[in-house]
Amino acid sequence: MLRRFKLGLLRLASSTGITALLRDSEWRRRRLLILAYHGISLEDEHRWLPSLYMSQEVFRRRMQTLRDNGVEVLPLDEGVDRLYAGTLPPKSAVLTFDDGFHDFYRMAYPVLREFGYPATVYQATLYSELERPPFGPMCSYLLWKRRGGKLDWPEVAGPQVDLDERGRTGAWKRILRHADAAAMSPIERDGLLAELAERLGIDYQALCARRLLHLMTPGEIRELAAAGIDFQLHTHPHLVSRERESFRNYVLMNQRRIQALGNGKGRWHFCYPSGICHPELAAWLREMNIHSAVTCETALATARSDRMFLPRVLDGSHLAECEFVSWVSGTAALLPRRHGSQRSEC
């Protein structure tokens, strides 16, 4: 009900010219829209997780909307500097992609190249080197592929599970807890995924051969870095630790690998994995000379924003076109919404 009311307000603002007035205002010039993306579907991922995925067709429309509205898409480093210097262009945005999935290489980069837009990828590197899908997302995807069916795996997922939405969520959590309790390595977790797929009647190796939910390989990262894509920090294992040395090691391992692949010649920027951003993490990042860090908090960034807790707008299939336009103009920032960082599932 609340969302329908907001959509009605946004359409009214557009039809009365308020959206265009705000888009072209000095108020909007002082604000930076940092867009956050996770995946551009290779197949049906946008139907599985619309909050994080969209089709290539929708992504291309988003980029065209930026162009049609006269938005200047800035590189992340420049955008952050100009935000705090007060020198942003009249309408500005930055494009960021979390995790560094293979679909960025296949589906997002060709569109970015078509529009000539710069982008930053916050690249997790552990599963990039393993060339296997991350455990949590692939587990969720496999269960969704057999939605409406059943899972009989009592030793791992409990009694027979009906794979409706509630049953899938419960089974996913139990499988993750099982892997954590057994302290499984990434390779052992991949074996667990293969067994889950077999029990569900899914050809796991065929999915892997199509690179669904895989991260970019080191070779793909190197190729795109040479082409001008900015790769930045997301920790090596896509994990956060509240123990200082562990957290620093996660970041430093990530940094060394990205440097080895030809990126990292300028300043370093960071994205909190899963949107988990405890206050002490920012202090540790400052100690490591990290220039900025982005969250999953939904807002436009201003010069008053903490450089270590920059807000973004998460774009996915769940966002209607009028909502996307309202963030481009700034109208959405004036409407009431839930505050606080939201955890991403990837």
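**View 1. Valine 156 sits in helix H10, residues 154-157, of this predicted model.** Zoom in on the side chain and its surroundings. With a relative accessibility of 10%, valine 156 counts as buried, because the cut-off for buried is under 20%. Which residues does valine 156 touch, once those up to four places away in sequence are set aside? They are Arg174, Ile175 and His178. Histidine 46 is another matter: 110 residues separate it from valine 156 in sequence, and the C-alpha to C-alpha distance is 28 Å.

**View 2. Isoleucine 175 and the largest nonpolar core.** This core has 92 residues, and the members that touch the most other members are Leu95, Leu151 and Ile175. Around isoleucine 175, leaving out residues up to four places away in sequence, you'll find Phe135, Cys139, Leu143, Leu151, Trp153, Val156, Ala157, Leu192 and Leu196. There's also a second core, separate from this one, with 13 residues, among them Leu32, Ile34, Leu76 and Leu88.

**View 3. Helix H9, residues 135-145, is mostly covered.** How many of the 11 residues of H9 are buried? The count is 10. Reading along the helix, they are Phe135, Gly136, Pro137, Met138, Cys139, Ser140, Tyr141, Leu142, Leu143 and Trp144. So what do they pack against? The list takes in helix H4 (45-48), helix H8 (126-130) and strand E7 (150-153), plus helices H11 (165-181), H12 (186-200) and H13 (204-209).

**View 4. The contact of H9 with H12, two helices with axes 10 Å apart.** The packing angle here is about 0°, which means H9 runs roughly parallel to H12. On the H9 side the contact involves Phe135, Met138, Cys139, Leu142 and Leu143. Facing them from H12 are Arg189, Leu192, Leu193, Leu196, Ala197 and Leu200. Sorted by character, the residues of this contact come out as 10 nonpolar, no polar and one charged.

**View 5. Arginine 189 and its salt bridge to aspartate 180.** Stay with arginine 189, one of the H12 residues that meet H9. Its partner here is aspartate 180, and the closest N and O atoms are 3.0 Å apart. Buried or exposed, then, for arginine 189? Buried, with a relative accessible area of 15%. Elsewhere, salt bridges with shared partners link Arg23, Asp24 and Lys91 into one network. Across the whole structure, the search turns up 25 salt bridges.

**View 6. Arginine 61 and glutamate 57, a salt bridge within helix H5.** The two side chains meet with an N to O distance of 3.3 Å. Where do the partners lie relative to each other? Both are in H5 (residues 56-68), and because they are four residues apart, about one helical turn separates them. Arginine 61 is partly exposed, its relative accessible area being 42%. Glutamate 57, at 54% relative accessibility, counts as exposed, because the cut-off for exposed is over 50%.

**View 7. Aspartate 315 and arginine 62, a salt bridge between buried residues.** The N to O distance in this pair is 2.9 Å. Aspartate 315 belongs to the loop between strand E12 (310-314) and helix H17 (321-329), while arginine 62 belongs to helix H5, so the pair ties together parts 253 residues apart in sequence. For aspartate 315, the relative accessibility is 1%, which counts as buried. Beyond four places in sequence, aspartate 315 is in contact with Ala36, Tyr37, Ser51, Met54, Arg62 and Phe324.

**View 8. Threonine 65, another residue of helix H5.** Threonine 65 is buried, with 9% relative accessible area. What is threonine 65 in contact with, leaving aside its neighbours within four places in sequence? The contacts are Glu321, Phe324 and Val325. Phe324 also appears among the contacts of aspartate 315.

**View 9. Leucine 252 in helix H15, residues 244-260.** Leucine 252 is partly exposed, with a relative accessible area of 23%. Pick threonine 235 as a reference point for this view: the C-alpha atoms of leucine 252 and threonine 235 are 7.7 Å apart, and the two residues are 17 places apart in sequence.

Notes. Residues numbered from 1 in each chain as written. Predicted model: local features only at pLDDT ≥ 70, side-chain atom pairs only at ≥ 80, totals over all residues. Heavy atoms only, no water. Core = buried A, V, L, I, M, F, W, Y, C linked by side-chain atoms within 4.5 Å. Buried < 20%, exposed > 50% of the residue type's maximum accessible area, 1.4 Å probe, protein only. Contact = heavy atoms within 4.5 Å. Salt bridge = Lys/Arg side-chain N within 4 Å of Asp/Glu carboxyl O. Axes fitted to C-alpha atoms, helices over the stretch in contact; angles between N-to-C directions. Parallel < 35°, antiparallel > 145°, perpendicular 65-115°, else oblique. Nonpolar A, V, L, I, M, F, W, Y, C, P; charged D, E, K, R; others polar.
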